[in-house]
Amino acid sequence: MDIGMSGNAAWDRMSSDEYARANRLTRDLGMGRVRIGANWGEIERARGTDDWSPLDTRVRRAREAGVTPLLVIQSVPDWLDVPTGPVTAEHRSVAGLYGEFAGKVAARYGDQVDGYEIWNEPNLHHFWPNPDVAFYFEILKAAYPAIRAADPDATVISGGLAPVADTDRSIAPLSFLSRLYDMGGREYLDAVGMHPYSYPELPSGQSRWNTFRSLDEVEQLMRSHGDGDKKIWLTEFGAPTGGLKAVSPQHQAAMVVEAFQLARSERALGPIFIYTLVDGDAPRTDSEYHFGLYYEDRRPKPVVGALQEAVADCTSTEDRAEDPAQSPGEGPPGQFPGAGAGGVGFGS
């Protein structure tokens, strides 16, 4: 199923058992994928010494739950000073080290994961201080061949881009991608990553700022550079039920379901990852706190049942399409546990 869960930073602090429960719940929601951080700064805390145990646990727990990991390769070790300013040999040296790490990730997990995303929101100061397309291109150019050498069947996805404007601390997605393609980026990616948040508007809304609506322009840009056969992976999508630009829980449900349905119906779109599972990991006044499909006390929001129903309907439709003799209404129910009663329980 081309829908998955994108965990927030709290997932990196979960115990093994907590991580297992989160992944089982992801599977029970009808999702077949999970986006996991392959955090360079966590794994290589001392230069030349790797501790893979945290990521080993996350990948193993996801696989045991029946969901396929997408690894987002991100963060920088404390021992590495990252340069700023125009790209120099020092930038390319950092990129080379990142590429080496990415190759080691692919060599270790290539038979267990479905793809690799090169950074998270590299167009935003919060995740990439002083965003720089030229420097990101060096990172991508170093990582891609290293990953493909270790995992020839890999899908390498450019870092999911945040829905921001062109400012001194951010680069708009279309601006970022246009520059990346002009530099030759198409040679170093198998799919384009986007974070098409649209709240408080539905994904189908026509406002100029609606990033989901702008996916058509992303596809056109890719086609103009000969990349029309590649997919756009939506590696984060969601809406907050509190904080700035909050939507009602009912509207959150409508938005997430519509995004899933649009992703399923549009040829140019690949998998969609919903952000995130449970509220928390930020101040309550911050919208970041409220993106969960579940409240912090593990009560399901309306989106849980609505999403389960949408995924079940999609699964039943696919089953009927594979069996032409099966008439509507005679196929398997496709119902996930608890869908008729407001959603599955978090503690199962």
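Val257 lies in helix α8, which spans residues 249–265; helices (H or I, at least four residues) and strands (E, at least two) are DSSP runs, numbered from the N terminus. The structure is a predicted model, in which local features need pLDDT of at least 70 and side-chain atom pairs count only at pLDDT 80 or more, whereas totals for chains, interfaces and linings use all residues. Residues are numbered from 1 along each chain as its sequence is written, and side-chain values use heavy atoms, with hydrogens and water left out.

With a relative accessible area of 13%, Val257 is buried; the term denotes a relative accessible area under 20%, against over 50% for exposed and in between for partly exposed (1.4 Å probe, protein chains only). When neighbours within four places in sequence are left aside, Val257 is in contact with Ala306, Leu307 and Ala310, contact meaning heavy atoms within 4.5 Å. Val311 stands 54 residues from Val257 along the chain, and the C-alpha atoms of the two are separated by 8.7 Å.

A second buried position is Phe137, with a relative accessible area of 9%. Phe137 is found in helix α5, residues 133–150. Not counting residues up to four places away in sequence, Phe137 touches Leu180, Met183, Gly184, Gly185 and Tyr188. Leu71, by comparison, is 66 residues from Phe137 in sequence and 19 Å from Phe137 in space, C-alpha to C-alpha.

Ser158 occupies a place in strand β5, residues 156–160, and counts as buried at 2% relative accessibility. A polar atom of the Ser158 side chain lies 3.1 Å from the backbone nitrogen of Gly193. Gly193 also appears among the residues that Ser158 touches beyond four places in sequence, together with Glu117, Ile118, Tyr136, Leu189, Ala191 and Val192.

The packing of two helices was also examined. Helix α6 (residues 173–182) and helix α7 (residues 215–224) pack at an angle of about 10 degrees, with their axes 11 Å apart. Axes are lines fitted to C-alpha atoms, for helices over the stretch in contact, and angles run from 0 to 180 degrees between N-to-C directions. The two helices, α6 and α7, are therefore roughly parallel to each other, a description applied to angles under 35 degrees. On the α6 side, Leu174, Leu177, Ser178 and Tyr181 meet Glu217, Val218, Leu221 and Met222 of α7. By class, this contact of α6 with α7 has six nonpolar, one polar and one charged residues; Ala, Val, Leu, Ile, Met, Phe, Trp, Tyr, Cys and Pro count as nonpolar, Asp, Glu, Lys and Arg as charged, and the others, Gly among them, as polar.

Methods:
Angles under 35 degrees count as roughly parallel, over 145 as roughly antiparallel, 65 to 115 as roughly perpendicular and the rest as oblique. A polar contact is a pair of N or O atoms within 3.5 Å; within protein, one must be able to donate a hydrogen and the other to accept it, and residues adjacent in sequence count only if both atoms are side-chain atoms.
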